[in-house]
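Here is a short briefing on one protein model. Look at the structure first, then read the points by topic.

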Amino acid sequence: GEGGDGEGAAEGQSKMSKALDSIKVGGANGSGAGEGEEPTDANAAQRTAHELDLTSLTFPSGSHTMTNKKCHLPTSSWRAMHPGYEEVHVPASRSPMDPSEILIPVSELPKWTHDAFSGMKSLNRVQSKMADVSLKSSENLLLCAPTGAGKTNVAMLSILNVLGQYRKEGVDDEKDAMEEEEEVGGEEG
């Protein structure tokens, strides 16, 4: 019952103390956390202030321990040194389009979605690759791509997916059928 909760908190505090001791974190009085001072209740463990010795966490060889000594960049790359940081520009690589890759025409999307892509004939490469999962599934997406790659329209496909889940079937379909009949009738005359 009640004794079990206190024992769990004390065990948690003990584990935390060991972890903090391993990186030289002391209590508010400068002593190591938990050195002969067991908290009287679970809240006392949370109220204990800790001091972190940052100098003990520094890299002995400086802050550039994870940097490469040699880095070969494309010839059109350039670097600019600034106070406190280095700016490196690497041009985006252009990969040729695979012959099996197909850009999805907007006309192949559901008719009720066409207004969202007015002025576009087809989705671009990124949008075409993401169209099925963003428009036809409820999967989570994480899309990382450069500015101008088409992320916003992929987000629009996802929004249309959600709107489509609440769309009443047949409402726009009847209107679309009437518009198509008018277009066909207008072309013949």
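A residue counts as buried when its relative accessible area is under 20%, as exposed when that area is over 50%, and as partly exposed in between. The model shown is predicted. Of its 189 residues, 19% are buried.

**Overall layout**

- The protein has five helices and four strands.
- Along the sequence, these elements follow the pattern α-β-α-β-β-β-α-α-α.

**A salt-bridge network around Glu101**

- How many salt bridges does a search of the whole structure find? The search finds four.
- One of them joins the side chains of Arg125 and Glu101, at 3.0 Å from N to O.
- This pair links distant parts of the chain. Arg125 sits in helix α3, which covers residues 125–136. Glu101 sits in the loop between β4 (85–89) and α3. The two residues are 24 apart in the sequence.
- Is Glu101 buried or exposed? Glu101 is buried, because its relative accessibility is 17% and the cut-off is under 20%.
- Arg125 has 27% relative accessibility, so Arg125 counts as partly exposed.
- Another salt bridge joins the side chains of Lys129 and Glu101, at 3.9 Å from N to O.
- Lys129 belongs to helix α3 and Glu101 to the loop between β4 and α3, so this pair ties together parts that are 28 residues apart in sequence.
- Lys129 is exposed, because its relative accessible area is 58% and the cut-off is over 50%.
- Salt bridges with shared partners join Glu101, Arg125 and Lys129 into one network.

**The salt bridge of Glu86 and Arg79**

- The side chains of Glu86 and Arg79 also form a salt bridge, at 2.8 Å from N to O.
- Glu86 has a relative accessible area of 37%, so Glu86 is partly exposed.
- Arg79 is partly exposed as well, because its relative accessibility is 47%.

**The largest pocket**

- What is the volume of the largest pocket? The volume is about 380 Å³.
- The lining of this pocket consists of 13 residues.
- Ser93, Arg94, Arg125, Val126 and Ala149 are the lining residues nearest the centre of the pocket.
- Arg125 therefore appears in two topics here: it helps line the pocket, and it takes part in a salt bridge with Glu101, while being partly exposed at 27%.
- By type, the lining residues divide into four nonpolar, five polar and four charged.

**A nonpolar patch on the surface**

- Which residues make the nonpolar surface patch of about 280 Å²? Leu52, Leu54 and Leu57 make this patch.
- Leu52 is in strand β2, which covers residues 50–52.
- Leu52 has 40% relative accessibility, so Leu52 counts as partly exposed. Residues of such a patch need over 30% relative accessible area.

**A buried spot in helix α3**

- Ala131 is located in helix α3.
- Why does Ala131 count as buried? Its relative accessibility is 4%, and buried means under 20%.
- Ala131 and Leu157 are 26 residues apart along the chain, and their C-alpha atoms are separated by 6.9 Å.
- Helix α3 thus holds both buried Ala131, at 4% relative accessibility, and exposed Lys129, at 58%.

Technical notes. Residues numbered from 1 in each chain as written. Predicted model: local features only at pLDDT ≥ 70, side-chain atom pairs only at ≥ 80, totals over all residues. Heavy atoms only, no water. Patch = residues over 30% accessible without salt bridge, like charges linked within 9 Å, V, L, I, M, F, W, Y side chains within 5 Å. Areas by Shrake-Rupley, 256 points an atom, 1.4 Å probe, with all protein chains shown as cover. Buried < 20%, exposed > 50% of the residue type's maximum accessible area, 1.4 Å probe, protein only. 1 Å grid on protein atoms, 1.4 Å probe; cavity = no way out; pocket = protein on both sides within 12 Å on 5 of 7 lines; lining within 4 Å. Points joined across faces, edges and corners; volume = space filled by probe spheres on them. Nonpolar A, V, L, I, M, F, W, Y, C, P; charged D, E, K, R; others polar.
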